[in-house]
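Reader: I have a model on screen and some terms to test. Can we go through them one by one?

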Amino acid sequence: CLAIEHDSAGCGPCGRRQWSDGPRPAWLSMRDGDWAAFSSEVGKLVRSYAPEGWGHVFMLVGFLVGLFVFHPSLGIVRTLDFELSASIGLMMFCMIGGLFAMLAVSIGGRRYNERVDEKIDAVCRAAAARANGGAITFVRLWTAPCKPKGARTFRAVYVYPLVPPGGARSSQGVGRFAAAAGYP
């Protein structure tokens with residue numbers, strides 16, 4: 001399991017996504033150059049993920065500017081000769097603008113990351129086609145905006161041996177890695 005984003009990688013919206021260029025598994029029949037190209041491409045895509053938690057900063061800035069600059073009794077404009085309705089209008093504009101900026105940044109970042117996920121999935125499918133004796137799968141859990149309370153986003157690339165037709169089940173499949181990571 002080559003984890004990209006998981007619970008133990010840190011806290012907060014930033015700095016949790018990582019990719020380590022590990023060596024090719026010995027049992028995987030794939031040229032070292034193909035493995036290096038695959039690992040490099042996935043690493044480049046992982047580094048291109050947009051942080052999804054910065055939208056709240058825009059909302060906070062909008063509310064603070066609206067409150068401390070344009071509020072009729074607290075803001076800086078109280079010392080100026082501003083009309084009350086203009087001051088309230090500008091305050092509400094800043095606050096609502098901050099809310100819309102938060103939504104735009106959050107939704108835009110999530111959509112961008114969904115496109116990056118699709119690119120990583122395509123790179124994994126292409127690498128799996130060149131891999132003999134193994135499978136390469138990109139797994140995502142809880143990447144949508146709505147998720148259960150306490151759920152954290154999980155992204156990983158699983159590289160595991162294929163079970164030969166009519167052979168015994170491998171204990172190194174995706175289920176074992178997902179269970180070890182605490183996911184169903």
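Reader: How many disulfides does a search of the whole structure find?

Author: It finds zero. A disulfide needs a pair of cysteine sulfur atoms within 2.5 Å. Some ground rules: this is a predicted model, where local features need pLDDT of at least 70, side-chain atom pairs count only at pLDDT 80 or more, and totals for chains, interfaces and linings use all residues. Residues are numbered from 1 along each chain as its sequence is written, and side-chain values use heavy atoms, with hydrogens and water left out.

Reader: Why is Cys-124 called buried?

Author: Buried means under 20% relative accessible area, exposed means over 50%, and partly exposed is in between (1.4 Å probe, protein chains only). Cys-124 has 1%, so Cys-124 is buried. Cys-94 has 18%, so Cys-94 also counts as buried. Across the chain of 184 residues, 34% are buried.

Reader: What is the secondary structure of the chain?

Author: Four helices and three strands. Both are DSSP runs, numbered from the N terminus: helices are H or I with at least four residues, strands are E with at least two. Along the sequence the pattern reads β-α-α-α-β-β-α.

Reader: What makes Asp-117 and Arg-155 a salt bridge?

Author: The rule asks for a side-chain nitrogen of Lys or Arg within 4 Å of a carboxyl oxygen of Asp or Glu. In this pair the closest N and O atoms are 2.9 Å apart, so the rule is met. Asp-117 is in helix H3 and Arg-155 in strand S3, so the bridge ties together parts 38 residues apart in sequence.

Reader: Are Asp-117 and Arg-155 buried or exposed?

Author: Asp-117 has a relative accessible area of 2%, so Asp-117 is buried. Arg-155 is at 2%, so Arg-155 is buried.

Reader: Which residues are linked in a network of salt bridges?

Author: Arg-31, Asp-34 and Arg-130. Asp-34 meets Arg-31 at 3.3 Å, N to O. For Asp-34 and Arg-130 the closest N and O atoms are 3.9 Å apart. That second pair joins helix H1 to helix H3, so parts 96 residues apart in sequence are tied together. Exposure varies here: Asp-34 is buried at 16%, Arg-31 is exposed at 60%, and Arg-130 is partly exposed at 38%. The count comes to six salt bridges.

Reader: Which residues touch the most other members of the largest nonpolar core?

Author: Phe-38, Val-42, Ile-120, Ile-136 and Val-157, out of 20 residues. Helix H1 (32-47), helix H3 (84-130), strand S2 (134-141) and strand S3 (154-161) each supply at least two residues. A nonpolar core is a set of buried Ala, Val, Leu, Ile, Met, Phe, Trp, Tyr and Cys residues joined through side-chain atoms within 4.5 Å. A second, separate core has six residues, including Ala-135 and Phe-154.

Reader: What is Val-42 in contact with, leaving aside neighbours within four places in sequence?

Author: Trp-19, Ile-120, Val-123 and Val-157. Contact means heavy atoms within 4.5 Å.

Reader: Why is Leu-84 called exposed?

Author: Leu-84 has 53% relative accessibility, so Leu-84 counts as exposed. Leu-84 is in helix H3.

Reader: Which residues make the nonpolar surface patch?

Author: Leu-84, Ile-88, Met-92, Ile-96, Leu-99, Phe-100, Leu-103 and Ile-107 make a patch of about 700 Å². Patch residues have over 30% relative accessible area and no salt bridge; like charges are joined within 9 Å, nonpolar side chains (Val, Leu, Ile, Met, Phe, Trp, Tyr) within 5 Å. Areas come from the Shrake-Rupley method with a 1.4 Å probe, and for residues only the protein chains shown count as cover.
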